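This report describes a protein together with its ligand, taking the surroundings of the ligand before the packing of the helices. The structure is shown here for reference.

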Amino acid sequence: MSLRSGLLRIGLRPERPDYRPHIILDDLGRGMLHSELCQSSGFLGPIRLGLRILWCPVSLKDLIIRPITPGDSLAELTELIHRAYARLGAMGLNYTAVDQSVEDTARRISRGECAVAICSGRIVGTITVGGHEQDSRCEWYRGEQVAIANQFAVEPSLQGQGLGSMLLDWAEKWARERTLDELAVDTAEPATHLVAFYTKRGYRNIGFIQWKGKRYRSVVLSKTLSEKTS
Ligand SMILES: CC(C)(COP(=O)(O)OP(=O)(O)OC[C@H]1O[C@@H](n2cnc3c(N)ncnc32)[C@H](O)[C@@H]1OP(=O)(O)O)[C@@H](O)C(=O)NCCC(=O)NCCS
């Protein structure tokens, strides 16, 4: 591996055709060498390194989305959630997931069913979905036909490849199987990219809620789960 004129070159190992090292940049633009997620070809997206644009191969081919099991590490899950929400934290949005403890993760999971996305043995995505919350300060969440999804995260280096949409589909299926009419989420009003993400997937604006301790107002969004929207 050598650094020349800002371009990071990575040597491939002929004896390991599945070994496809690539560079992942974190939110601060620091590069990190990864290989374990790369077992076949695919493209993550443009990676900026200095002034050059690199493309790095990554695969979601061996991806599994399944309910969490006692064998899964809540510490690993919490770290993934922190990595995913770091960008929102940097925007000054103090989502619980930015710095929640492992105990917080366990408590939030216990209120519903948690799905994890596993790729090459690592947790790379998650969503938690549950039924209505009788005591919620949010009126929409008290509706008996409403399911609620939260703690929704995808490994930053794997975002933008459809995994988030797959996890949302999983949550919608969970709600549909329980003959619930709606799947609701809420997100910070200033996170307009997330409001757009949900709106594009059929979620409509229900109203606003000011959660205690949050520096932002949240938008409540909900999707009607008819068979046509499956
Ligand atoms: C929100 C989140 C779960 C979505 O996961 P994802 O795997 O990126 O979702 P998808 O790939 O299905 O869709 C991402 C959208 O961003 C676009 N996108 C393109 N490049 C992207 C990139 N480098 N990173 C992220 N999104 C990108 C995708 O094309 C897609 O656009 P579309 O809405 O027009 O289809 C993920 O971005 C995440 O973990 N964010 C941080 C935590 C968070 O915001 N959670 C939700 C709080 S309410």
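In this predicted model, the shell around the ligand is made up, by class, of 10 nonpolar, 8 polar and 1 charged residues. Of the 19 residues around the ligand, those that come nearest are Gln 159, Gly 160, Gly 164, Ser 165 and Thr 187. Several helices and strands each supply at least two residues of this shell, and they are listed below with their residue ranges.

| Element supplying at least two shell residues | Residues |
|---|---|
| Helix H1 | 74–90 |
| Strand S10 | 146–154 |
| Helix H3 | 163–177 |
| Strand S11 | 182–188 |
| Helix H4 | 192–200 |

Helix H1, which contributes to the shell around the ligand, also packs against helix H2 (residues 102–110), with the two axes 9 Å apart and at an angle of about 95°. Because angles of 65 to 115 degrees count as roughly perpendicular, H1 and H2 are described as roughly perpendicular to each other. On the H1 side the contact is made by Leu 74, Ala 75, Leu 77, Thr 78 and Ile 81, while H2 brings Val 102, Thr 105 and Ala 106. By class, this contact of H1 with H2 has 6 nonpolar and 2 polar residues, and no charged residues.

Turning to the protein as a whole, there are 4 helices and 13 strands, and buried residues make up 31% of its 230 residues. Among contacts between residues at least 6 apart in sequence, 56% join residues at least 24 apart.

Notes
Residues are numbered from 1 along each chain as its sequence is written. This is a predicted model: local features need pLDDT of at least 70, side-chain atom pairs count only at pLDDT 80 or more; totals for chains, interfaces and linings use all residues. A residue is near a molecule or strand if its C-beta atom, placed from the backbone, lies within 6 Å of it. Ala, Val, Leu, Ile, Met, Phe, Trp, Tyr, Cys and Pro count as nonpolar, Asp, Glu, Lys and Arg as charged, and the others, Gly among them, as polar. Axes are lines fitted to C-alpha atoms, for helices over the stretch in contact, and angles run from 0 to 180 degrees between N-to-C directions. Angles under 35 degrees count as roughly parallel, over 145 as roughly antiparallel, 65 to 115 as roughly perpendicular and the rest as oblique. Two residues are in contact if their C-beta atoms, placed from the backbone, lie within 7 Å. A residue is buried if 20 or more other C-beta atoms lie within 10 Å of its own, exposed if 12 or fewer, and partly exposed in between; C-beta atoms are placed from the backbone.
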